[in-house]
Amino acid sequence: MEGPQDIVSFFVIYALLLKASLTSFSGLGSLPMVRQDFVVERQAFTDRQLNTAVVAGRTGPGPYGLYLVCAGYLAGGIPGALAGLLALITPAFLVIPLMRWLGRRAENPRIRNAIRGLLLAAAGLLVSSSVPLTLDAVTGPFSLVVLVASFVLLTFTKIDSALLMGGSALAGLATLLFR
Amino acid sequence: MTGQTSSPPPSLGRLTEIFFRIGNTTFGGGYITIGMLGRELVDTRRWISSDKFDLAFALARVTPGTNLIAFCAAVGEQICGVAGAIAAVLALTVPSAVVAVLFIYGFEAGQTNPIAMAAIGGTVAAVAGMMWSTIWTILRPHVGGALRNLQVVLIAGSAFIAARYFGVTPLPIIAAGTLIGFLWKDPKTS
């Protein structure tokens with residue numbers, strides 16, 4: 001049965017992940033805010049665990065933002081995962097009033113410029129978050145090669161990201177043979 | 001894709017089944033899933049016109065959160081109303097979320113196992129590469145031309161410096177970026 005502490009945690013996790021989700025415009029765009037709230041401020045989990053959450057979200061099918069469910073799980077177990085799922089899907093329903101009332105105004109230059117500014121700021125934030133996660137991920141020449149190969153394959157080819165995850169896991173296993 | 005619908009709207013159960021099947025068996029990201037849904041909903045079943053499908057795609061991109069989920073909400077709403085939006089979103093996300101939790105549980109449980117840690121080490125490095133690829137994907141449409149490049153460097157660069165070296169939290173940075181974008185127009189649109 002859920003205790004008072006769990007209920008508080010559920011709503012706190014939901015609120016923090018919803019804030020991250022509401023201020024991003026792509027699956028991984030919420031990463032800087034999740035890292036700030038859960039890794040830096042609350043130490044609910046580590047950079048390595050956040051990386052693992054992204055891996056878990058990408059290993060199966062479904063949208064990129066699924067890592068929020070995993071982040072919720074790391075912060076609060078199954079109730080946290082449920083909070084993460086709710087935070088992931090809540091902003092999506094904003095599209096319904098947008099469809100009904102905004103319609104073609106999405107092409108308005110002012111609106112488009114504001115979104116562009118938002119996306120550029122989000123990219124800068126993503127760089128800021130990616131630096132410590134990259135430093136955590138790169139533990140030697142092997143991981144550096146995997147990182148660069150992953151970037152090149154995802155950026156310049158149409159490789160399935162699940163295939164890339166499977167391949168990099170196999171490459172990680174292969175390193176055991178050379179130890 | 002055709003511009004007109006010719007089929008009556010489906011039952012909620014039928015709509016849910018389509019989103020469940022395509023959303024949870026398609027790997028490779030949002031665009032692939034959207035392409036599959038377009039083939040099924042517009043071309044094959046004609047439950048929604050290509051115009052409305054395209055509008056849903058455009059508006060999903062400016063809706064906060066994950067674009068693919070907003071897209072499914074928009075298309076589900078167009079076909080079966082608000083209940084359709086809820087059904088489409090849940091059918092897309094709940095099964096994948098269960099799989100993701102099983103993966104993270106397995107990864108956490110394997111922390112002391114050297115074989116599991118070697119596999120996780122490889123994937124963690126690949127995820128770091130994925131993040132840099134995402135950054136490039138966000139920036140790529142906004143570069144080209146001296147003034148546009150200057151905007152990219154100033155807005156994205158300032159956001160990076162503010163967050164990394166001055167500890168500014170993401171929310172005010174996002175707000176400032178949006179305001180600057182609103183006031184400083186993109187040369188391409190002028």
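Which residue forms a salt bridge with Arg45(B)? The partner is Glu40(B), and the closest N and O atoms of the two lie 2.7 Å apart. Keep this pair in mind, as it returns in one of the views below. One thing to know at the start: this is a predicted model.

**Figure 1. Chain A, an all-round look.** Chain A has eight helices and zero strands. Reading along the sequence, you meet the pattern α-α-α-α-α-α-α-α. Of the 179 residues in chain A, 57% are buried. The accessible surface of this chain comes to about 7,700 Å², and 68% of that surface belongs to carbon and sulfur atoms. Now think about which parts of the chain touch each other. Among contacts in chain A between residues at least 6 apart in sequence, 57% join residues at least 24 apart.

**Figure 2. How confident is the predictor about chain A?** The mean pLDDT of chain A is 85, and 90% of the residues in this chain reach 70 or more. Confidence in chain A is highest in helix α4 (residues 67-89), with a mean of 95. Helix α5 (residues 95-102) of chain A is where confidence is lowest, at a mean of 80. A friendly reminder for any model of this kind: where pLDDT is low, the predicted coordinates should not be read in detail.

**Figure 3. Helix α2 of chain A, a mostly covered helix.** This helix spans residues 31-41, and nine of its eleven residues are buried. Start at Leu31(A), Pro32(A) and Met33(A), which are among the buried residues. Carry on through Val34(A), Arg35(A) and Gln36(A), which are buried too. Asp37(A), Phe38(A) and Val39(A) are also on the buried list. Notice that the list includes Arg35(A) and Asp37(A) alongside Leu31(A) and Phe38(A). After the helix comes Gln43(A), whose phi is positive, near 45°.

**Figure 4. Salt bridges in chain B.** Over all chains, the count comes to eight salt bridges, and this view shows some from chain B. Begin in helix α1 (residues 12-23) of chain B, where Arg14(B) and Glu17(B) are three residues apart, so about one helical turn separates them. These two form a salt bridge, with the closest N and O atoms 2.1 Å apart. Glu17(B) also forms a salt bridge with Arg21(B), and here the closest N and O atoms are 3.2 Å apart. Glu17(B) and Arg21(B) are four residues apart in helix α1 of chain B, so they too are separated by about one helical turn. How well covered are these residues? Arg14(B) is partly exposed, with a relative accessible area of 34%. Glu17(B) is partly exposed at 29%, and Arg21(B) is partly exposed at 33%.

Now return to the pair from the opening question. Arg45(B) is partly exposed, with a relative accessible area of 22%, whereas Glu40(B) is buried at 14%. The two values fall on either side of the 20% cut-off, under which a residue counts as buried. Arg45(B) and Glu40(B) are bridged to each other, and salt bridges that share partners join Arg14(B), Glu17(B), Arg21(B), Glu40(B) and Arg45(B) into one network.

**Figure 5. Where chain A meets chain B.** The contact takes 93 residues from chain A and 90 residues from chain B. The area buried between the two chains is about 8,200 Å², and carbon and sulfur atoms give 77% of it. Met99(A), Arg116(A) and Leu120(A) supply 9% of the area that chain A buries against chain B, more than any other three residues. How many salt bridges are there between chain A and chain B? The count is zero.

**Figure 6. His142(B) and its neighbours.** Look for His142(B) in the loop between α5 (114-139) and α6 (146-166) of chain B. This residue is buried, with a relative accessible area of 10%. Leaving aside residues up to four places away in sequence, His142(B) touches Arg116(A), Leu119(A) and Leu120(A), and also Arg148(B) and Val152(B).

**Figure 7. A nonpolar patch on the surface.** Leu144(A), Val148(A), Val152(A), Phe156(A), Trp136(B) and Val143(B) form this patch, with about 510 Å² of accessible area together. Helix α7 (residues 141-156) of chain A gives the most to the patch, with four residues. Phe156(A) is found in this helix. At 58% relative accessibility, Phe156(A) counts as exposed.

How values were computed:
Residues numbered from 1 in each chain as written. Chains lettered and ligands numbered in written order. Predicted model: local features only at pLDDT ≥ 70, side-chain atom pairs only at ≥ 80, totals over all residues. Heavy atoms only, no water. Buried < 20%, exposed > 50% of the residue type's maximum accessible area, 1.4 Å probe, protein only. Helix = DSSP H or I, 4+ residues; strand = E, 2+ residues; numbered from the N terminus. pLDDT = per-residue confidence, 0-100. Salt bridge = Lys/Arg side-chain N within 4 Å of Asp/Glu carboxyl O. Patch = residues over 30% accessible without salt bridge, like charges linked within 9 Å, V, L, I, M, F, W, Y side chains within 5 Å. Areas by Shrake-Rupley, 256 points an atom, 1.4 Å probe, with all protein chains shown as cover. Contact = heavy atoms within 4.5 Å. Buried area = accessible area lost by both parts, 1.4 Å probe.
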